[in-house]
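Thank you all for coming; I would like to take a few minutes to walk through one model with you. Please have a look at the sequence and the structure before I begin.

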Amino acid sequence: MTRREFLSAMAGLTLIGIGGYPFVRRWMSSQGPLSLPSPPTVAWNGNIKTFRYVIQRGPVTLQDGTRFTGYLINGQFPGPELRVQEGDKVQVTVVNQLDQPTTLHWHGVNAPSPMDGVPGISQDPVLPGQSFTYEFIASPAGTRWYHSHVYEMEQVPNGLFGPLIIEPKTTPEPYPTQHELTLMFSTWGYKPGAGIDYGMMGNTGMGQMMGGGGNLSSSNQGLTHLVNGKIPTSLQSIKVAPREKLRLRLINASGTESYLLAIDGGTMLVTHTDGNPLQAPRVVSELYIAPAERYDVIVTPPRSGTWYLRSSLAGQESVRIPFSTVGEVKSSPAVGANSWSYLITGSNSFGSLPAVNHSVQLVLSGGMMMGGAWTINGASYPNTSPVKVRTGERIRLEMVNRSMMEHPMHLHGHSFAITSFNGRVLNSPLIKDVVNLKPMERCTIDFLANNPGNWFFHCHNLQHMVGGLATVIEYKDYPLPHVDKWM
Ligand SMILES: [Cu+2]
């Protein structure tokens, strides 16, 4: 039975499962231009950047003495930072020396579909002993990352991830700084078999909700928080001159955990969302970063001596990164800035959304209400209905989260615009590839269907993804995926 036949057999059941939230597809006439993310491809600049990534198991020792057998790329945990220029032709040969299949996914890159690294949807997995060369034009510029898309709960936290920085071809940068630093957050120590988080244990889910909403991801799994693969308090203090502007590329590579970041007595200037420049940067006192999200921020020392970038959620500090000012800070920056929110650049509850060709409602649910499965419109992947699009269409996904946990939803192969959030229309839509929905939150995201292929659209809480919170964006006239499950 093909998936297609299975889906039609399931159609009746699916409708019942959806309950009061019918799967609505509305066709509208296209009127007026919609400002959408930059085109998927930038012209090749003539340069080829080649990399060879040998992937194998090997010992890792953390700074607290914890030892484990990691997944290493060229002997490193986590993988090396890959830095290229926008327009470069990037060729990465993955040599799989594991005893299991693997792939790499180029998160936030508009790569061609067969290079996107999702087995069963965009490519065959790279089998043990085999190699595969990924090739794509580096685009769009900004803070991106890469990670395995096979057995993610095992391969990603244990090392198969790294930063991918695409420097813009146009200079100067919109927000230039003298120095920059990539800070990649991850979590280690998932128990084997802890594939599905039901959102009902201990410090998570309902209890936290009722307590005023603390950690809505999935804390309390006995995880070790790492920054650039190290226990953050063991990092060498990051030295900054008193009036220096330091750019931090913040990447959340955790499989499950969000962070609420703040600087002691200081602020951060947010300049990019998921690598894409804001029309106007925003000063914030704290920054919430969900799994797979990236923010570029500019920081300036708030005081002399030592200070920290910390994450505290639900009253617990998970990360503390030391900085030290080289010299004396004479005046402290003004405090009292807002917390980051998707609405921070301005919004209007009476605004109207741009016209689109095709709008699809996606109701995210599951967890403890569904016996542990996570669902989109009542179905768990691979039984979710694909979203079918045609090249050139403007597509809107209307999402609501009717579960008790947050869901950072990621679209492969395209950037999207968050056009509305919780019923308010954004004055200048944020360009992103992950949108995080806390319980009962809703949003619309719009994208231009300009990269033909089959594209995974899923929750980047990897436990939720494994539990079924995923679907596929399918282009008409593009060969259908096999939809095997390799999670
Ligand atoms: Cu989720």
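I will go through a metal site, then the nonpolar cores, and then two individual residues.

A word on the source: this is a predicted model, in which local features need pLDDT of at least 70 and side-chain atom pairs count only at pLDDT 80 or more, while totals for chains, interfaces and linings use all residues. Residues are numbered from 1 along each chain as its sequence is written, and side-chain values use heavy atoms, with hydrogens and water left out.

Which protein atoms serve as donors of the copper ion? They are ND1 of His 407, SG of Cys 459 and ND1 of His 464, lying 2.0 to 2.1 Å from the ion; donors here are N, O and S atoms within 2.8 Å of the metal (3.2 Å for Na, K and Ca), and as water is not among the atoms, sites may look incomplete. Along the chain, these donors follow the spacing H-x51-C-x4-H. His 407 in strand S26 (residues 407-411) and Cys 459 in strand S31 (residues 454-459) are 52 residues apart, a pair that links distant parts of the chain; strands are DSSP runs (E, at least two residues), numbered from the N terminus. Both His 407 and Cys 459 are buried, that is, under 20% relative accessible area with a 1.4 Å probe, protein chains only.

Turning to the cores, the largest nonpolar core has 59 residues, and those with the most contacts inside it include Leu 250, Trp 340 and Met 399; such a core is a set of buried Ala, Val, Leu, Ile, Met, Phe, Trp, Tyr and Cys residues joined through side-chain atoms within 4.5 Å. Its largest share, 4 residues, comes from strand S16 (residues 276-289). Because domain 1 (3-30 + 348-475) and domain 3 (179-340) both give residues to this core, it lies between them, the domain bounds coming from an automatic or database domain assignment. A second, separate core of 24 residues includes Tyr 71 and Val 126.

Finally, the two residues. Glu 398, found in strand S25 (residues 394-401), counts as buried because its relative accessibility is 18%, and its side chain makes a polar contact with that of Gln 361 at 3.5 Å; a polar contact is a pair of N or O atoms within 3.5 Å, where within protein one must be able to donate a hydrogen and the other to accept it, and residues adjacent in sequence count only if both atoms are side-chain atoms. Thr 325, in strand S19 (residues 316-325), is likewise buried, at 10% relative accessibility, and its side chain makes a polar contact with the side chain of Trp 307 at 2.8 Å.

Technical notes: Buried means under 20% relative accessible area, exposed over 50%, partly exposed in between (1.4 Å probe, protein chains only).
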